[in-house]
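Reader: I'd like to learn how to read aromatic pairs and the packing around them. Could you walk me through a case, general idea before detail?

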Amino acid sequence: MESIWKMQARQESCMSKAYTIDKCPRCGTTLRQRSTEKNAHLHAVLQQVAEQKQWAGQWLDIEAWKRLMVAAFEREKGHQVAVYPAIDGHGIDVVYRRTSRMSQEEIRELIMFAESWAIDNGVILKEPEGRAA
């Protein structure tokens, strides 16, 4: 059985690497990468928003805030967010772009968008751990 410190060392090693999202089926070239640092930064912002801000009179979890932020970001960039009748016939569903399909630059822009929205809406953001000066 692997010791705890070896598992942590392995996890830390993996955390410093970028995740390969897509590869070209013909040549294997990486098409998109997203670093764990960017992923952690986005989730840290969303966590702070979820802890400090209600929306439509409700406290939302990180996943709900992520969906709202991505949808607003996509509209801001001039892209459409698709709305369809639910396949079970009850209500509607919003189909938006997955962050795992975004480029490094798009993730950076989404983080800046989320931070700006948070600040404009009274959320006090703290510097993510490991990034403080």
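Reader: Is Phe73 buried or exposed?

Author: This is a predicted model, and in it Phe73 is buried, with a relative accessible area of 3%. Phe73 is one of the buried residues of H3, a list that also includes Trp65, Lys66, Met69 and Val70.

Reader: What covers the buried residues of H3?

Author: The cover includes H2, E3 and H4.

Reader: And how do I describe a pair of aromatic rings?

Author: You give the distance of the centres and the angle of the planes. Now the case here: Trp55 and Trp65 sit 6.0 Å apart, centre to centre, with 65 degrees between the planes, which makes the pair edge-to-face. Trp55 belongs to strand E3 (residues 54-55) and Trp65 to helix H3 (residues 62-76), so this pair links distant parts of the chain, 10 residues apart.

Reader: Which of those two is buried, and which is partly exposed?

Author: Trp65 counts as buried, at 1% relative accessibility. Trp55 is partly exposed, with a relative accessible area of 39%.

Reader: What about the rings of Phe73 and Phe113?

Author: Their centres are 5.9 Å apart and their planes meet at 65 degrees, so that pair is edge-to-face. Phe73 lies in helix H3 and Phe113 in helix H4 (residues 104-120), so the pair ties together parts that are 40 residues apart in sequence.

Reader: Why does Phe113 count as buried?

Author: Because its relative accessibility is 19%, and buried means under 20%. Next door in sequence to Phe73 there's another residue to try: Ala72, which also lies in helix H3. Ala72 counts as partly exposed, at 22% relative accessibility. Ala72 and Phe113 are 41 residues apart in sequence, and their C-alpha atoms are 9.0 Å apart in space.

Reader: How many aromatic pairs does a search of the whole structure find?

Author: The search finds 4 of them. There's a cluster as well, made of Trp55, Trp65 and Trp117.

Reader: Let's move on to the core. What's the general idea?

Author: In soluble globular proteins, nonpolar side chains tend to be buried together. In this model the largest nonpolar core has 19 residues, and those with the most contacts inside it are Val49, Trp65, Met69, Met102 and Leu110. Helices H2 (36-52), H3 and H4 each supply at least two residues of this core. H4 gives the most, with 7 residues.

Reader: Which residues does Val49 touch, leaving out those up to four places away in sequence?

Author: Trp65, Trp117, Ala118 and Val123. Two of those names should ring a bell: Trp65 and Trp117 are also in the aromatic cluster with Trp55.

Reader: How would I check the geometry of H3?

Author: Compare its reach with the expected span. H3 has 15 residues and runs 20 Å from its first C-alpha to its last, close to the 21 Å expected at 1.5 Å a residue.

Reader: And backbone angles, what should I look for?

Author: Start from the usual case: most residues other than glycine have a negative phi. Just after H3, Gly78 takes a positive phi of about 85 degrees. Ala56 has a positive phi too, about 55 degrees, although it is not a glycine. Ala56 lies in the loop between E3 and E4, and it is exposed, with a relative accessible area of 71%.

Reader: Can we zoom out to the whole chain?

Author: Sure. The protein has 4 helices and 6 strands, and along the sequence the pattern reads α-β-β-α-β-β-α-β-β-α. Of its 133 residues, 26% count as buried. The accessible surface comes to about 9,600 Å², with 53% of that belonging to carbon and sulfur atoms. For contacts between residues at least 6 apart in sequence, 45% join residues at least 24 apart.

Reader: Last one: where should I hold back when reading this model?

Author: Where pLDDT is low, the predicted coordinates should not be read in detail. Here the mean pLDDT is 81, and 71% of the residues reach 70 or more. Among the elements, helix H1 (residues 4-15) has the lowest mean, 46, and strand E4 (residues 58-59) the highest, 97. Over residues 1-20 pLDDT stays under 50, and for that stretch the model has 18 contacts beyond four places in sequence.

How values were computed. Residues numbered from 1 in each chain as written. Predicted model: local features only at pLDDT ≥ 70, side-chain atom pairs only at ≥ 80, totals over all residues. Heavy atoms only, no water. Phe/Tyr/Trp six-rings, centres within 6.5 Å; stacked < 30°, edge-to-face > 60°. Buried < 20%, exposed > 50% of the residue type's maximum accessible area, 1.4 Å probe, protein only. Contact = heavy atoms within 4.5 Å. Areas by Shrake-Rupley, 256 points an atom, 1.4 Å probe, with all protein chains shown as cover. Core = buried A, V, L, I, M, F, W, Y, C linked by side-chain atoms within 4.5 Å. pLDDT = per-residue confidence, 0-100. Expected span 1.5 Å × (residues − 1).
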